[in-house]
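User: Please choose one part of this model and take a close look at it. Keep it brisk, and say how it fits into the whole.

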Amino acid sequence: MRIKRNIAVAGALTALALGTTTAVATTASAAPNVTPQGVCGSAYKTVNSAPISSLGTVYLTYNSSNGKNCVATIRANPGKATYVSAYLYVPDTDEWAGDDGNYTSYAGPVYAYGKGHCVSWGGSINNVYVSVENSNCASLKEHRVTEIR
């Protein structure tokens, strides 16, 4: 199972690096004072986050009423469009969602059903990539990786 998960996450990061968009819920756009709830929806509460250097933060949110997680990568300093990505993967169900492109403020939102499951998620801004494996499940310790390409 660990090998399958690592391959899936590596595939997700590769897809994002190559500019492939797999499942896009809505199109990212410019907006001042962007928040994870503003991107994912007001019912989504932030349950985890990871800094992407000083460039921004990728957020994992959860909606307890529908069991869905949402990921959004938000730039610290919106401005000229640059490469931004967000992805979410549920290893137990093999459900995956991702968004990437040249955005002025954020990538995402991307959604997947995650109630009762560990999730792997991450994002990137420019050439800095962050991935978090086995997140938000009591039995496993998450594994974070930041990579500059």
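Analyst: In this predicted model, residues 24 or more positions apart supply 55% of the protein's contacts with a separation of 6 or more. The secondary structure consists of 2 helices and 9 strands. Read from the N terminus, the order is α-α-β-β-β-β-β-β-β-β-β. The protein has 149 residues, and 46% of them count as buried. Its accessible surface is about 6900 Å². Carbon and sulfur atoms hold 54% of that surface.

The part I chose is an open sheet. Four strands build it, in the order 1-2-3-6, and their pairing is antiparallel. Which strands form its edges? They are strand 1, residues 45-52, and strand 6, residues 106-113. Each of these two pairs on one side only. On average, neighbouring strands of the sheet are turned by 15° against each other, with direction ignored.

Take the strand 6 edge. Its partner is strand 3, which spans residues 68-75. The two run antiparallel and share 6 bridges. Two of the facing pairs can be named. Ile74 sits opposite Tyr106 of strand 6. Cys70 has Tyr111 of strand 6 as its bridge partner. Is this edge strand mostly covered or mostly open? It is mostly covered, with 6 of the 8 residues of strand 6 buried.

Strand 6 also carries a backbone feature to check on screen. Most peptide bonds are trans. The bond between Gly108 and Pro109 is cis, with omega at about 5°. Pro109 belongs to strand 6. The cis bond therefore involves a residue of an edge strand of the sheet, and that strand is mostly covered.

Now go to the other edge, strand 1. Asn48 is located there. Where does its side chain make polar contacts? One contact, of 3.2 Å, goes to the side chain of Ser135. Another, of 3.0 Å, goes to the side chain of Asn136. Is Asn48 buried or exposed? Its relative accessible area is 15%, and the cut-off for buried is under 20%, so Asn48 is buried.

The Ser135 contact leads out of the sheet. Strand 8 covers residues 128-135, and Asn134 is one of its residues. Most residues other than glycine have a negative phi. Asn134 has a positive phi of about 55°, although it is not a glycine. How accessible is Asn134? Its relative accessibility is 5%, so Asn134 counts as buried.

A second asparagine makes a useful comparison. Asn126 also has a positive phi, near 55°. Its setting is the loop between strand 7, residues 119-125, and strand 8. Why does Asn126 count as partly exposed? Its relative accessibility is 34%, and partly exposed covers the range between 20% and 50%, so Asn126 falls there. Asn134 is buried within its strand, whereas Asn126 is partly exposed in its loop.

To retrace the route, begin at strand 3 and cross to strand 6 through their 6 bridges. Find the cis bond between Gly108 and Pro109. Then move to the strand 1 edge and follow the side chain of Asn48 to Ser135 and to Asn136. Finish at Asn134 in strand 8, and at Asn126 in the loop between strand 7 and strand 8.

Notes
Residues are numbered from 1 along each chain as its sequence is written. This is a predicted model: local features need pLDDT of at least 70, side-chain atom pairs count only at pLDDT 80 or more; totals for chains, interfaces and linings use all residues. Side-chain values use heavy atoms; hydrogens and water are left out. Two strands pair if DSSP finds at least two bridges between them. Axes are lines fitted to C-alpha atoms, for helices over the stretch in contact, and angles run from 0 to 180 degrees between N-to-C directions. Buried means under 20% relative accessible area, exposed over 50%, partly exposed in between (1.4 Å probe, protein chains only). Contact means heavy atoms within 4.5 Å. Accessible areas come from the Shrake-Rupley method with a 1.4 Å probe; for residues, only the protein chains shown count as cover. A polar contact is a pair of N or O atoms within 3.5 Å; within protein, one must be able to donate a hydrogen and the other to accept it, and residues adjacent in sequence count only if both atoms are side-chain atoms.
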